[in-house]
Amino acid sequence: MRSFWLAVGFLTVFPVPRLGEVREGEMKAASAFYPAAGYLIGAVLALVAWLTAGLPDGLQGALLLAVWLACTGMLHLDGLLDSADALLAMKPPAQRLRILGDVYLGSFAFGVGFVVLLLKWQLLATGPSPWLLLALPAMVRFALLLPMNLFPAARPEGLGAKSREGRIIPAFLLALPALLAFPSVGLAAVAAILGLAYWAAGRLGGGLSGDVYGMLVELGELVGLLVAVVWL
């Protein structure tokens, strides 16, 4: 169960047992349980959606968004903001990598972050199915393993590099119920994540970083919600 708890501790703020020092290769093994961490996030979202069903749509959407951000400790949102500043900068790849490591946020981060949160709130305000909210985080966290295996690490010393070459097959089996329940949403999330990863790798000289992984999760969830609202 250590790999499971590592995945939960890394991707969420949920309490986990004391795990001590993370050893070489353990983060790769933990990636097999990324969809399981997604199901935990989704279960909280589904419960909140059920409990707030009688509230005005905008208020329910805002509460769902707040809970979603809280469950992840804003880990993926942080990656989105850092990635926006770096990837949208009119700089060569080496300078974009330096921007990724900058702790300060620029105008691209604020603009992209505002638009993404606004869109996510609006989509959540439409009242998506609790079953979709349960499934979507798991599907997206499985889809993340595809670019993690396809593209090299942009910075070999980063945490993202330690999580690369994740365990796709067991993660796929965990995510399979969600993918079968919402195939169009899953396909859209996978396509969006792969397309964005290809674009980001081109902007960073061929590789991806942990911040970009966070961006891919945020935008994959956004695309999944959009497809669910439009098509389902």
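For what follows, Ala, Val, Leu, Ile, Met, Phe, Trp, Tyr, Cys and Pro count as nonpolar, Asp, Glu, Lys and Arg as charged, and the others, Gly among them, as polar. This is a predicted model.

I will start with the cavity. The search of the whole structure finds 1 cavity of 30 Å³ or more. The space in the largest cavity is about 40 Å³. Its lining consists of Leu65, Trp68, Leu69, Thr72, His76, Lys120, Arg141, Glu218 and Glu221. Sorted by class, the lining of the largest cavity has 3 nonpolar, 2 polar and 4 charged residues. The charged ones are Lys120, Arg141, Glu218 and Glu221.

Which helices each supply at least two residues of that lining? They are helix 4 and helix 13, the latter covering 210–231. Helix 4 gives the most, with 4 residues.

That brings me to the packing of helix 4. Helix 4 covers residues 57–72 and helix 7 covers residues 107–124. Their axes come within 7 Å and cross at roughly 125°, which means that helix 4 is oblique to helix 7. The crossing is right-handed. On the helix 4 side, the contact is made by Gly58, Gly61, Ala62, Leu64, Leu65, Trp68 and Leu69. Helix 7 brings Leu117, Lys120, Trp121 and Leu124. By class, this contact has 8 nonpolar, 2 polar and 1 charged residues. The polar pair is Gly58 and Gly61, and the charged residue is Lys120.

Some of these residues have already come up. Leu65, Trp68 and Leu69 of helix 4 and Lys120 of helix 7 take part in the helix contact, and these four residues also line the largest cavity.

Next, the other partner of helix 7. Helix 5, residues 75–87, has an axis that comes within 7 Å of the axis of helix 7, and the two cross at roughly 135°. Helix 5 is therefore oblique to helix 7. This crossing, too, is right-handed. The residues in contact from helix 5 are Leu77, Leu80, Leu81, Ala84 and Asp85. From helix 7 they are Ser107, Phe108, Ala109, Val112, Gly113, Val116 and Leu117. The contact of helix 5 with helix 7 divides into 9 nonpolar, 2 polar and 1 charged residues. Here the charged residue is Asp85, while Ser107 and Gly113 are the polar ones.

One last point concerns Leu117 of helix 7. Leu117 belongs to the contact with helix 4 and also to the contact with helix 5.

Conventions:
Residues are numbered from 1 along each chain as its sequence is written. This is a predicted model: local features need pLDDT of at least 70, side-chain atom pairs count only at pLDDT 80 or more; totals for chains, interfaces and linings use all residues. Side-chain values use heavy atoms; hydrogens and water are left out. Axes are lines fitted to C-alpha atoms, for helices over the stretch in contact, and angles run from 0 to 180 degrees between N-to-C directions. Angles under 35 degrees count as roughly parallel, over 145 as roughly antiparallel, 65 to 115 as roughly perpendicular and the rest as oblique. A crossing is left-handed if the near helix is turned anticlockwise from the far one by less than a right angle, and right-handed if clockwise. Contact means heavy atoms within 4.5 Å. On a 1 Å grid over the protein atoms alone, a cavity is a set of points where a 1.4 Å probe fits but cannot get out, and a pocket is an open set with protein on both sides within 12 Å along at least five of seven lines; lining residues have an atom within 4 Å of a point. Grid points are joined across faces, edges and corners, and a volume is the space filled by probe spheres set on the points.
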